[in-house]
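Here is a quick tour of how some helices pack in this model, with a stop at its internal space. Have the structure open while you read.

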Amino acid sequence: MRKTALAIAGSDCSGGAGIQADIKTMMANGVYAMSAVTALTAQNTTGVAAIQESTPEFLAQQLDCVFTDIYPDAVKIGMVSSAELIHVIAEKLKFYHAKNIVADPVMVATSGSRLLSEEALDTLKNQLLSLATVVTPNIPEAEILADQKITSAEDMIAAARKISETWHCSVLLKGGHSLNDANDLLYRYDAPTAGQSELLTWFYGRRIDNPNTHGTGCTLSSAIAANLAKGCDLEEAIRCAKEYLSRALEAMLNLGKGSGPLDHGFGVRPR
């Protein structure tokens with residue numbers, strides 16, 4: 001049987017991030033991909049022009065249809081912008097006993113703008129993070145979750161520990177907005193029960209001179225979810241996901257007038 005994964009996120013009509021990047025990534029990593037769309041966005045490589053949210057009722061129906069027919073072996077959660085939608089997701093994940101949940105807390109745009117209201121952020125913290133197998137914040141997002149500045153490796157460790165211990169989840173703290181030159185830190189919440197004495201693992205990324213990094217966060221979290229669906233342990237899932245991301249960057253796809261997308265299908269060659 002083919003393993004399956006569900007992406008819960010917003011749509012990117014230009015195909016570089018969001019649901020489109022999630023599906024491409026999951027398929028490239030060998031699992032059957034499904035989706036529940038939280039919002040439609042009109043965007044391209046230069047920015048976002050408009051956002052149209054799904055209603056809570058419609059998002060709930062999407063999740064019911066997936067879980068009652070093709071049960072996902074892993075779930076990736078990306079952009080969710082309202083408290084009502086976050087509540088629906090948390091409620092359905094608990095009801096269906098979802099497993100291998102990767103939460104990418106998309107709270108801060110690359111420009112630095114906040115994407116979540118305080119109400120939505122509180123709902124994310126109180127209802128969703130504790131359900132996650134692993135949470136994958138970047139530095140600005142981790143600063144919000146941990147309520148502290150992060151300017152060093154020591155700060156990363158302290159913030160990851162605080163997030164993990166507060167919401168009882170593992171944390172992959174990404175070292176920057178771009179994975180090109182980021183070293184990422186995994187703080188494992190389950191290390192003692194898993195028979196491991198080491199809570200911390202650093203993942204060192206290769207430096208790749210490619211300015212086209214649109215959708216790197218979506219891609220990494222989706223690849224992790226795909227690898228968890230296939231039965232990898234968390235560290236192996238992350239290591240394989242980072243290698244996939246590096247190869248997608250190394251393919252040097254160059255599309256669009258802004259920061260372009262990765263080549264998610266670098267391994268697929270036309271006949």
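Axes here are lines fitted to C-alpha atoms, for helices over the stretch in contact, and angles run from 0 to 180 degrees between N-to-C directions. Keep in mind that this is a predicted model.

**Three helix pairs**

Two packed helices are described by the angle between their axes and the distance between the axes. Here is how three pairs come out:

| Pair | Residues | Angle | Axis distance |
|---|---|---|---|
| α1 and α7 | 18-28 and 216-229 | about 40° | 8 Å |
| α3 and α4 | 83-95 and 118-128 | roughly 10° | within 8 Å |
| α5 and α6 | 139-146 and 153-167 | about 55° | 9 Å |

Let's start with α1 and α7, which pack at about 40°. That angle makes α1 oblique to α7, and their crossing is right-handed. On the α1 side, Gly 18, Ala 21, Asp 22, Thr 25 and Met 26 do the touching, and they meet Cys 218, Thr 219, Ser 222, Ala 223 and Ala 226 of α7. Sorted by class, this contact has five nonpolar, four polar and one charged residues.

Next up are α3 and α4, whose axes cross at roughly 10°. Angles under 35 degrees count as roughly parallel, so α3 is roughly parallel to α4. From α3, the contact takes in Ala 83, Glu 84, Ile 86, His 87, Ile 89, Ala 90 and Leu 93, while α4 brings Glu 119, Ala 120, Thr 123, Leu 124, Gln 127 and Leu 128. The split is eight nonpolar, three polar and two charged.

That leaves α5 and α6, packed at about 55° with axes 9 Å apart. This makes α5 oblique to α6, and the crossing of these two is left-handed. Ile 139, Ala 142, Leu 145 and Ala 146 of α5 make the contact with Met 156, Ala 159, Lys 162, Ile 163 and Trp 167 of α6. Eight of the residues in this contact are nonpolar, none is polar and one is charged.

**The cavity**

How many cavities of 30 Å³ or more does a search of the whole structure find? Just one turns up, and the largest cavity holds about 70 Å³ of space. Its lining counts 13 residues, and Gly 78, Asp 104, Pro 105, Leu 124 and Leu 128 lie nearest the centre. Two of those names may ring a bell: Leu 124 and Leu 128 also take part in the contact of α4 with α3. By class, the cavity lining has 11 nonpolar, one polar and one charged residues.

Key:
Residues are numbered from 1 along each chain as its sequence is written. This is a predicted model: local features need pLDDT of at least 70, side-chain atom pairs count only at pLDDT 80 or more; totals for chains, interfaces and linings use all residues. Side-chain values use heavy atoms; hydrogens and water are left out. On a 1 Å grid over the protein atoms alone, a cavity is a set of points where a 1.4 Å probe fits but cannot get out, and a pocket is an open set with protein on both sides within 12 Å along at least five of seven lines; lining residues have an atom within 4 Å of a point. Grid points are joined across faces, edges and corners, and a volume is the space filled by probe spheres set on the points. Ala, Val, Leu, Ile, Met, Phe, Trp, Tyr, Cys and Pro count as nonpolar, Asp, Glu, Lys and Arg as charged, and the others, Gly among them, as polar. Helices (H or I, at least four residues) and strands (E, at least two) are DSSP runs, numbered from the N terminus. Angles under 35 degrees count as roughly parallel, over 145 as roughly antiparallel, 65 to 115 as roughly perpendicular and the rest as oblique. A crossing is left-handed if the near helix is turned anticlockwise from the far one by less than a right angle, and right-handed if clockwise. Contact means heavy atoms within 4.5 Å.
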